[in-house]
Amino acid sequence: MSNQPLKRIKIGLITATVWGNEKENGGTRYSIDIVRNYKKDDQWNETSSFGIDDLPVVAKLSDLALEAVLELQSK
């Protein structure tokens, strides 16, 4: 697999990224990163910390990322 993400899903300033890594015995191991973008001093940054108001979006992105992985596994 390449070091490119397999899928990116974005809602507002929060993004879920699906990655795939080949297992030694074949197949793919999937992992998900979820980050929130924010601007400080005219510079965009990202964090994996979320406020209470972010959690519904994080939950939705988790569901969508799971759907993406299940779709990738079925191919």
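## Contacts, core and loops of a four-strand, one-helix chain

T47 touches V35, R36 and Y38, when residues up to four places away in sequence are not counted. The model in which these contacts occur is predicted. T47 itself is found in strand β4, which covers residues 43–47. With a relative accessibility of 18%, T47 counts as buried, because the cut-off for burial is under 20%. The side chain of T47 also reaches the backbone nitrogen of S49, at 3.1 Å.

### Overall architecture

The chain contains 1 helix and 4 strands. Read from the N terminus, the order of these elements is β-β-β-β-α. The C-alpha trace spans about 45 × 25 × 15 Å along its principal axes. Of the 75 residues in the chain, 23% are buried. The accessible surface amounts to about 5600 Å², and carbon and sulfur atoms account for 47% of that surface.

Among the contacts with a separation of 6 or more, 34% join residues that are 24 or more positions apart. The chain carries 10 positive and 11 negative side chains, and the centres of these two sets lie 3 Å apart.

### The nonpolar core

The largest nonpolar core comprises 10 residues: I9, I14, A16, V18, I34, V58, L61, A65, A68 and V69. Strand β2 (14–22) and helix α1 (55–74) each supply at least two residues of this core. Helix α1 provides the largest share, with 5 residues. In soluble globular proteins, nonpolar side chains tend to be buried together.

V69 is one of the core residues, and its place is in helix α1. At 10% relative accessibility, V69 counts as buried. Leaving aside neighbours within four places in sequence, V69 is in contact with V18, Y30 and I32. Of these partners, V18 also belongs to the core. The C-alpha atoms of V69 and V18 are 7.5 Å apart in space, although the two residues are 51 residues apart in sequence.

### Strand β3: D33 and N37

Strand β3 covers residues 28–40. D33 has its place in this strand and counts as partly exposed, at 39% relative accessibility. Beyond its neighbours within four places in sequence, D33 is in contact with T15, A16, T17 and W19. With W19 the contact includes a polar one between the two side chains, at 3.0 Å. One of the partners of D33, A16, is a member of the nonpolar core. The C-alpha atoms of D33 and A65 are separated by 9.5 Å, and these residues are 32 residues apart along the chain.

N37 is likewise placed in strand β3. Its relative accessibility is 18%, and N37 therefore counts as buried under the 20% cut-off. Apart from neighbours within four places in sequence, N37 is in contact with K10, L13 and T15, and also with W44, N45 and E46. W44, N45 and E46 fall within the residue range 43–47 of strand β4, whereas T15 falls within the range 14–22 of strand β2.

### Loop residues

K23 is found in the loop between β2 and β3. With a relative accessible area of 42%, K23 is partly exposed. K23 touches T28 and R29, not counting residues up to four places away in sequence.

The loop between β3 and β4 holds D41 and also D42. For D41, phi is near 55°, a positive value in a residue other than glycine. For D42, phi is near 60°, again positive in a residue other than glycine. D41 is exposed, with a relative accessible area of 71%, and D42 counts as exposed at 72%.

### Accessibility of the residues discussed

The residues treated above are listed here with their relative accessible areas.

| Residue | Relative accessible area | Class |
|---|---|---|
| V69 | 10% | buried |
| T47 | 18% | buried |
| N37 | 18% | buried |
| D33 | 39% | partly exposed |
| K23 | 42% | partly exposed |
| D41 | 71% | exposed |
| D42 | 72% | exposed |

In the listing, the buried entries include V69 of helix α1 and T47 of strand β4. The exposed entries D41 and D42 both come from the loop between β3 and β4.

Definitions and conventions
Residues are numbered from 1 along each chain as its sequence is written. This is a predicted model: local features need pLDDT of at least 70, side-chain atom pairs count only at pLDDT 80 or more; totals for chains, interfaces and linings use all residues. Side-chain values use heavy atoms; hydrogens and water are left out. Buried means under 20% relative accessible area, exposed over 50%, partly exposed in between (1.4 Å probe, protein chains only). Contact means heavy atoms within 4.5 Å. Accessible areas come from the Shrake-Rupley method with a 1.4 Å probe; for residues, only the protein chains shown count as cover. Lys and Arg count as positive and Asp and Glu as negative; His and the chain ends are not counted. The place of a charge is taken as NZ of Lys, CZ of Arg, CG of Asp or CD of Glu. A nonpolar core is a set of buried Ala, Val, Leu, Ile, Met, Phe, Trp, Tyr and Cys residues joined through side-chain atoms within 4.5 Å. A polar contact is a pair of N or O atoms within 3.5 Å; within protein, one must be able to donate a hydrogen and the other to accept it, and residues adjacent in sequence count only if both atoms are side-chain atoms.
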